[in-house]
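Dear colleague,

I am handing over the structure below, and after it you will find a careful account of what was found. Please keep it open beside you while you read.

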Amino acid sequence: SIIREVTNCLWHHYGVRSILGIQGGYNGLSDPEEFTPIDLQPSIVREIHHKGGSILKAGRGGFDAKKICDNLEAMGINMLFT
């Protein structure tokens, strides 16, 4: 799972301890109050590659670039992996 690998890489190789998983795809970036972000840690993602689907409940739609950028800034997010 890419979620597992990115989380582990950021945690173990770069020392990043604040990793958020955005639920619902662009919908979650457009409306983080409705789609609450998940705090990702190695213990959370350890076995997700054995499960089907996505723990982030990926969705389609909701792309509003200005709203997404405003929300990323408001949440203090300075890096986004999609």
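Let us begin with N71, which, once its neighbours within four places in sequence are left aside, is in contact with L29, S30, D31 and P32. N71 lies in helix α4, and with a relative accessible area of 17% it is buried, because that value falls under the 20% cut-off. Before going further, please bear in mind that this is a predicted model.

One of the partners of N71 deserves a closer look, namely S30. S30 is found in helix α2, and its relative accessible area is 9%, so S30 too counts as buried. When residues up to four places away in sequence are not counted, S30 touches G62, D64, K67, I68 and N71. The contact between S30 and N71 therefore joins a residue of α2 to a residue of α4, and both of these residues are buried.

Two distances between C-alpha atoms can be read alongside these contacts. C69, which lies in helix α4, is 40 residues from L29 along the chain, and their C-alpha atoms are separated by 8.4 Å. Unlike the buried N71, C69 is partly exposed, at 49% relative accessibility. The other pair is N27 and I68, which are 41 residues apart in sequence and 9.0 Å apart in space, C-alpha to C-alpha. N27 is found in helix α2 and is partly exposed, with a relative accessible area of 22%. Leaving aside the neighbours of N27 within four places in sequence, its contacts are F35, R60, G61 and G62, and G62 is also among the residues that S30 touches.

Next come the aromatic rings.

How many aromatic pairs does the structure hold? There is one, formed by Y26 and F63, whose ring centres are 4.9 Å apart and whose planes stand at 75 degrees, so the pair is edge-to-face. The step from the angle to the name rests on a cut-off, because planes over 60 degrees apart count as edge-to-face. This pair links distant parts of the chain, since Y26 belongs to helix α2 (residues 26-30) while F63 sits in the loop between α3 (42-45) and α4 (65-74), 37 residues away. Y26 counts as partly exposed at 34% relative accessibility, whereas F63, at 56%, counts as exposed. Another ring, that of W11, has R17 lying over its face, at 4.2 Å from the ring centre.

Charged side chains also meet one another.

A search of the whole structure finds two salt bridges. In one of them, the side chains of E5 and R4 meet at 2.9 Å, N to O, and both partners are partly exposed, E5 with a relative accessible area of 40% and R4 with 22%. In the other, D70 is joined to K66, and the closest N and O atoms are 3.0 Å apart. Where do D70 and K66 lie? Both are in helix α4, four residues apart, which is about one turn of the helix. D70 counts as partly exposed at 38% relative accessibility, while K66 is exposed, with a relative accessible area of 60%.

Finally, there is the empty space.

The largest pocket holds about 900 Å³ of space. It is lined by 30 residues, and those closest to its centre are L20, G21, I22, L80 and F81. Three elements give two or more residues to the lining, namely α1 (2-14), β1 (20-21) and α2, and the largest share, five residues, comes from α1.

I22, one of the residues closest to the pocket centre, has its place in the loop between β1 and α2. Is I22 buried or exposed? With a relative accessible area of 15%, I22 is buried. Not counting residues up to four places away in sequence, I22 touches G28, L29, P37, L56, M75 and I77, and L29 is also in contact with N71, the residue with which this account began. I22 and L72 are 50 residues apart in sequence, and their C-alpha atoms are 11 Å apart in space.

With kind regards

Note on methods
Residues numbered from 1 in each chain as written. Predicted model: local features only at pLDDT ≥ 70, side-chain atom pairs only at ≥ 80, totals over all residues. Heavy atoms only, no water. Phe/Tyr/Trp six-rings, centres within 6.5 Å; stacked < 30°, edge-to-face > 60°. Buried < 20%, exposed > 50% of the residue type's maximum accessible area, 1.4 Å probe, protein only. Lys NZ or Arg CZ within 6 Å of the ring centre and 35° of its normal. Contact = heavy atoms within 4.5 Å. Salt bridge = Lys/Arg side-chain N within 4 Å of Asp/Glu carboxyl O. 1 Å grid on protein atoms, 1.4 Å probe; cavity = no way out; pocket = protein on both sides within 12 Å on 5 of 7 lines; lining within 4 Å. Points joined across faces, edges and corners; volume = space filled by probe spheres on them.
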